[in-house]
Amino acid sequence: MKNKNNFIISSISVLLALSANSAFAQSNYKEASNAFALYTQTGAIKNLENAKKQLDNIYKTAKDSSKTRVNVLRAMVMSSIAYADSARTIKTDKDPIDLTYQTLGRIREKDREGYPGEISYVKQNLAAALIKRANKSLQGQKYDAAYNDFLKVDELNAKNEDVTYNLAVLANKAGKSEDAVKFYKKIIESGNATEQQYLEFAALYDKLGESQLNLTTLENARTKYGENKEILFQLIQEYASVKAYDAIVPIADQAIKMEPDNVELNYLAGYANENANNIPAAKAFYEKVLELDPNNYESNLALGLIYLKDFLSDTENHEAQYNAQNFLLKANEIKPYEINALKSLAMFYEKADDAEQLDRVNLLLNQLTN
């Protein structure tokens, strides 16, 4: 009978202890809730610190630390500390960002459905805290660390186009080209890509050796930003690099209106028109180059060759004969040992029956080529 009474007394003691612990946990939770509510009203960090202290007391027991409502509140508190306490005045055993993720991991997906507003609050704070940390890493040129933090922000489904852009830029800097392409595509597909973002995306394709994708990106950029000078000029350069001269012809005039005294651009416009067999337009552009730079070798040679062609097909065309000789001689004067100009002069003197000059040119050619 005595043993039975002892067992009953012991059981009652355990129940009383459990009840006391439960009441203690309830009191801590209430204190934490009240302190957090005060923080949301006042923004005072001391209230966050008090809320954390009360939650730490609850976390001393495995049973209480596994409760959903406790972890939801703790995630809200930790994410607030992560964002608001940037100086880290509240002491924690780990970074509050990591503690927030750890606490969220304790909440099952199905249980989160009962706290949509609270979970959204946690994610917003987390995203803001991660962006702060990423920007700090950027200042220290720690691109990998910044990239990883922005990636976490993106995974939180934060609707922030700046985050996507940062990911694109950082992925490119970190040598993660495939990721960079993915993020730039996301920006383009949003319909809000800037001129600069289009140009960066095109440059990325160029770096990867994707010339057609580079061109397509620039063409799409021009469709959206038709008056952007940098896009137009870059597009013309890319067309030239792949020898797509027909594509340059219809957009050359717009570019030259932007920079009428650009020697290189006027020459390229002349060359493109010549390749498209628009000879009068080609002449006009080459002549414009010579107005700007009379000693331009390429335009003197180009005009000399155009007139030489006319003279070779009609030796009675004295204007063509005169112009061919003048422009080719000028090209030869500028670059006396340039083979193309010398060969063209040889053809001219042969057709003009000028044996003396032909011998002179051929002698020089033989010296240069043997």
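Helices and strands are taken here as DSSP runs, with at least four residues for a helix and at least two for a strand. By that count the protein, a predicted model, has 20 helices and 0 strands. Its radius of gyration is 38 Å, well over the 21 Å that the globule rule gives for 370 residues, so the protein is more spread out than a compact globule. Along the principal axes, the C-alpha atoms fill a box of roughly 140 × 40 × 35 Å.

Burial comes next. Of the 370 residues, 39% count as buried. In soluble globular proteins, nonpolar side chains tend to be buried together. Here the largest nonpolar core has 74 residues, and Phe-36, Val-77, Ile-236 and Ile-248 have the most contacts inside it. Helix H4, spanning residues 68-84, gives the most to this core, with 9 residues. Apart from this core lies another, of 26 residues, including Tyr-307, Leu-308, Ala-324 and Leu-364.

Val-77 can be followed further. Leaving aside residues up to four places away in sequence, Val-77 touches Phe-36, Leu-48, Ala-51, Lys-52 and Leu-55. Over the whole protein, among contacts with a separation of 6 or more, 51% are between residues 24 or more positions apart.

The surface and the charges complete the description. The accessible surface of the protein comes to about 20700 Å², and carbon and sulfur atoms account for 49% of that area. The protein carries 44 positive and 50 negative charges, and the mean positions of these two sets are 22 Å apart.

Notes
Residues numbered from 1 in each chain as written. Predicted model: local features only at pLDDT ≥ 70, side-chain atom pairs only at ≥ 80, totals over all residues. Heavy atoms only, no water. Core = buried A, V, L, I, M, F, W, Y, C linked by side-chain atoms within 4.5 Å. Buried < 20%, exposed > 50% of the residue type's maximum accessible area, 1.4 Å probe, protein only. Contact = heavy atoms within 4.5 Å. Rg over C-alpha atoms; globule rule 2.2 N^0.38 Å. Areas by Shrake-Rupley, 256 points an atom, 1.4 Å probe, with all protein chains shown as cover. Lys, Arg positive; Asp, Glu negative; His and termini not counted. Charge placed at Lys NZ, Arg CZ, Asp CG, Glu CD.
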